[in-house]
Structure formats: C-alpha cells, structure tokens
Amino acid sequence: MASEPAEATFAFPPALSREQEDEFRDLDREHGPEFALSRTATAVSGHWTIAALERTYTERGIQVVNFEKGKGEDPREWTKARKWFVTFTTAFLCTSAALGSSIVTGDMSGPVSDLNTTQEIVNLTVTCFVIGFGIGYVSIASSFHPVNHPLSPLFFAPLSEVSGRRLPYMLSMLFFFIFTLPSALARNAATLVIGRQLAGLAASAPICNVGGSMADIWAIEERGIPMATFSFAIFIGPCLGPILGSWIGQEVGWRWIYWVLFIFTGCATLLTLFMPETLASALLKKKAKKLRQETGNSNYRTLEELEGPSFGELMKTALWRPLEMLFTEPILAFMTIYLSFIYSILYLLFFAFPIAFVEIRHFSAGLSGVTFVSIMLGICLAMVLMPFQEKIYNHITRFGAFPEARLFPMMLGAIVLPSALFIFAFTGAYSWVHWIGVCVAGFMFGFALLIIYISGNSYIVDSYSDYAASAIAAKTLVRSEIGAMVPLYVNQMFNNMGFQYAGLLLALVGVLIAPIPFIFYRYGERIRSKSTKASQAKRRHFAEDIEKKELDAET
C-alpha cells in the first residue's frame, strides 16, 4: 500500500508522527529497522530520517527530486476546492463499497424463490463479498508498495508504479461496476454468488486507499473535518444498505437492488475519471522522469526509486509479516479478536433485525430497514463525542505519549457493548415489548461500534507504529473473514436457540472479552517491552518527569 493505513488517520490526535507519515508518503513502506540498517543510506543512532537519506544521496551526486514550495506541485498545496473534490469523491467511493456489502440484505428471500435455491446459498452473496473485501484489502495494505489493485497486486505492480493512485482507483471501481452486473442478470445461484465474490475483491481498493488519499492532500492539523467526512461515509454506508435495500426489494423486487447498486457504482466509476493524482511518490517520479528527459542527467531520482523494496522484501512483507505478527504479538492478537467480534455483530444485525421486526413484530420489510437508523444515530453521537478523546489523550500524555492512552474510549465501549446486546436479547425476542427497546439497543451498539473501532485501531497503530500497515492488514484479514462467516449461521442460531438465548450468548461473549482494554491499559507497557516490533514508549508520571529534569540539570 502506497500510504499509511487508513486506520492511522482516524485517530485524534494522529497516531503516526509527522516523520512516520512522511515516510509512508515518500517511501511507500514501513519504518521497520531492517530497512534502515539494510540500506546503504544513513542510519542515525540506529534510526534514519528522510532528511538524512536525502543528505546521503546528495553527497553521492544524486539529485533527489522534491516538490518546490509555493508552486502547487505538492498536493498539500492545492486549493481547498480541489482538495474537497478529492475528499468527497473518495468518500463517495467508500460509500459505494460499504453499501455494496450490505444493500443486498434488504431482500434475501426473493432470490431463493426466483432462482430455486436455498437461503444458505443466497446468504453467500454477503459472505463472498466480505471475504473478497478482506483478501483484497490485505493484498493491497500489506505490500507497502504502489500496488493498489486488489485482484492481483504483483501483476499490477509495474502499472501502479507509474500511475500512482488514480488508475488503480479507476480499475477497481470499473471491475466493481462490471461484476455487479452478473448478479443483477443472474438466472442461477452460481452466477449470483460468483459475481458477488468478484465484486467484493474489486471493492476493497477504495476502502484501504482512501486513508492515504486523505494524508496525501491534508496536513495533520487540517485533517479533522475531512476525516470526519470519510468516517461518516465508511461507518454509515453499511447501515444505509439495509434501509435502501429493504424498500427497493419490497416495492420492485430483489433484482432492482443490484440494478441500483450497479447504477451507484457506475456513477462512482465516472467520478474516478476526474480524480487528480495525489500520491506524492508517483508525482515525484513523473517530475524526475521529465527532468531526466529535459536535462539528459540520469542522476535525477526520487527517494522511492532509490529506496524502494526489492521483490524479495516485498514478498516477505506482504505475505509473511502480517501472519507472523498475528501469532506472535499478544496485543495484536487480542485486539483482533475484540474488533472481529464487534464487526461480526454488525453483520449479524443485518439478519437479526429482520427477525425481531418482520418475523416477531410483523413489520413490513421497508419499515424493518428503517430501524437501522438507530445504529446510524449511535454512530453519529459517537462521532460528535470523539473529539473529547483528544482532550483526555492530551491530558494523560502531557509528560509523554504512550499507546495505552488511546484505550479510554474502548474501555467505555467495552461496557456499553454487552449492555446493548443484553437489551437486544430481551427486548427483540418478545412481540409484546415495544419496538423502541430494540432500537435503543441498536443505538447503543452503533455508539460502541465507533468508539471501540477508532480506539482499538489507534492503539494497534500506536503500539506497532513502525509496522502499522502489517498489523492492520493482519487484523483486517481476520476481521473480514470472521464477519463473512456470520450469514452462514445467524438464521440457524436464532431459530434453533431462540432469539433471547442467541442474543444472550452474544452478550455473554461481550462480557467475557470486555476486560481486554482494561488489561492492556494496565499491563500493555510490560507486554510491549518484550516485543521486538512493538513501540517501547513508556508511561511517564509527573514525579518521574521532575526527577529526570533535576538529574539532567545536575549533569
């Protein structure tokens, strides 16, 4: 992935330092020490910097190509109008991808009768799409290379090295658009499911690249409102799907759900034609190539050209490191379990809400879809309150930053989440309980979803800041595959166990894993100290700070 991970840009304040962000931006790779020590460039006290690399190559006669200040070459110097066009366009692409994962849940019974198949087969339309999402994301996000296409990262490497972000965006949305068509025209279940699998693979590119696009054009201090726009699109999109899909399926049939998605992705594909290139390394390569042609001097090079990973390093990083970290890093493993659970609950509710409202309370399909507004309202409230985390974080880290300071929202969410699931279990199960009870549970879940997601991912990025993309790739693969399994068992689970006991089981799992953020807040520093990949930042207290200053003054 030729950018920092999208999860890093969610954090308030930013999870990556300016140096780390510049490294992702200019070098398209992680800040692992094996790169620093294996290069012929400068290592300063065992740790290198962008400026040190430039000085080293300049001393060797290499003309390192950079953006000229004030000339509008750097995307961060573009006009606000151009930046907001890119922001809204990428947010629209994310909405289309997120919408595509859930809109089909609006009518899952129609294809069963029309295609003469079973409900389990039709549920695969969600499972296969989300599986494609996860595989596509990891293929891109863990490569640290301008390889942004989800279908075959290595095949598209030469193309992406030249094109940057724009062309992969265009190709990904084009394939998403094309592979949505077979599902709309499907005359058998196989066509329906395979079309969804391929569409899911293609749809992953906007989700994992948009964080980098935001970092390309907005400086850290400008990123608040643009990231709120992206956050709104990425979290609201899945909830919007059942609302639209249920009314479309009820009024005009299930095929029109796919036709509406086809039209929506077509509009998104058209927008990519007007997107400017934002990737710094791609723009600098283009500039360096032009300078070489104009001057005949082959010494004009970019840092990415000089420091880019070899094929062997790329393969090791992309295919091995995420899995290695998943099984050797306790923080990553347990945070992945927690985030996978809450992600799977979101997809479970796409099927459980219709049971609570259509089967038990006899709502129409359209009205059942409207109840997902409760989850959206919870997400919106959490977004409004998340800036307060910045004040808490700044207060806790006033003597020095440490990753565990990110966990306060997650600790609150760990209490809210099982509470929401208990309410859902014992209000959704009974028709004589007012429907608002289920919606209250949905509201609380939406609130917990966002604060847990942002806090948990920020903690992962802070804990493994030098290996952030690998850590996020590992987490995303597991999260997506676990979420993809939900449609295969959710109906059987609620029908055979009974609504209230199925919901109770989920709530008890929420209680079981609730201590995770509290344990890491207490013991996270000790766990990180034993890792070779985790940050070694330590919690500093006021007394320790004063003592250190006194010792420094004496010496």
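Student: In this predicted model, what makes Lys533 count as buried or exposed?

Tutor: The relative accessible area of Lys533 is 17%, and because buried means under 20%, Lys533 is classed as buried.

Student: Where does Lys533 lie, and which residues is Lys533 in contact with, beyond its neighbours within four places in sequence?

Tutor: Lys533 is found in the loop that runs between helix H24 (515-529) and helix H25 (542-554), where, leaving aside those sequence neighbours, Lys533 is in contact with Arg321, Glu324, Met325, Glu329, Ser463, Tyr464 and Tyr467.

Student: Why is helix H21 called oblique to helix H22?

Tutor: The axes of H21 (residues 436-463) and H22 (residues 468-497) come within 9 Å and cross at roughly 140°; since only angles over 145 degrees count as roughly antiparallel, and 65 to 115 as roughly perpendicular, the crossing makes H21 oblique to H22.

Student: Which residues make that contact, and how do they divide by character?

Tutor: H21 contributes Tyr453, Asn457, Ile460 and Val461, while H22 contributes Ala468, Ala471, Ile472, Lys475 and Arg479, and these residues divide into six nonpolar, one polar and two charged.

Student: Which members of the largest nonpolar core touch the most other members, and which helix gives the most to this core?

Tutor: Among the 121 residues of that core, Phe445 and Phe494 touch the most other members, and helix H16 (residues 330-359) gives the most, with 20 residues.

Student: What does Phe494 touch, not counting residues up to four places away in sequence?

Tutor: Phe494 touches Leu348, Ala352, Ile355, Phe424, Phe499, Ala502, Gly503 and Leu506.

How values were computed: Residues are numbered from 1 along each chain as its sequence is written. This is a predicted model: local features need pLDDT of at least 70, side-chain atom pairs count only at pLDDT 80 or more; totals for chains, interfaces and linings use all residues. Side-chain values use heavy atoms; hydrogens and water are left out. A nonpolar core is a set of buried Ala, Val, Leu, Ile, Met, Phe, Trp, Tyr and Cys residues joined through side-chain atoms within 4.5 Å. Buried means under 20% relative accessible area, exposed over 50%, partly exposed in between (1.4 Å probe, protein chains only). Helices (H or I, at least four residues) and strands (E, at least two) are DSSP runs, numbered from the N terminus. Contact means heavy atoms within 4.5 Å. Axes are lines fitted to C-alpha atoms, for helices over the stretch in contact, and angles run from 0 to 180 degrees between N-to-C directions. Angles under 35 degrees count as roughly parallel, over 145 as roughly antiparallel, 65 to 115 as roughly perpendicular and the rest as oblique. Ala, Val, Leu, Ile, Met, Phe, Trp, Tyr, Cys and Pro count as nonpolar, Asp, Glu, Lys and Arg as charged, and the others, Gly among them, as polar.
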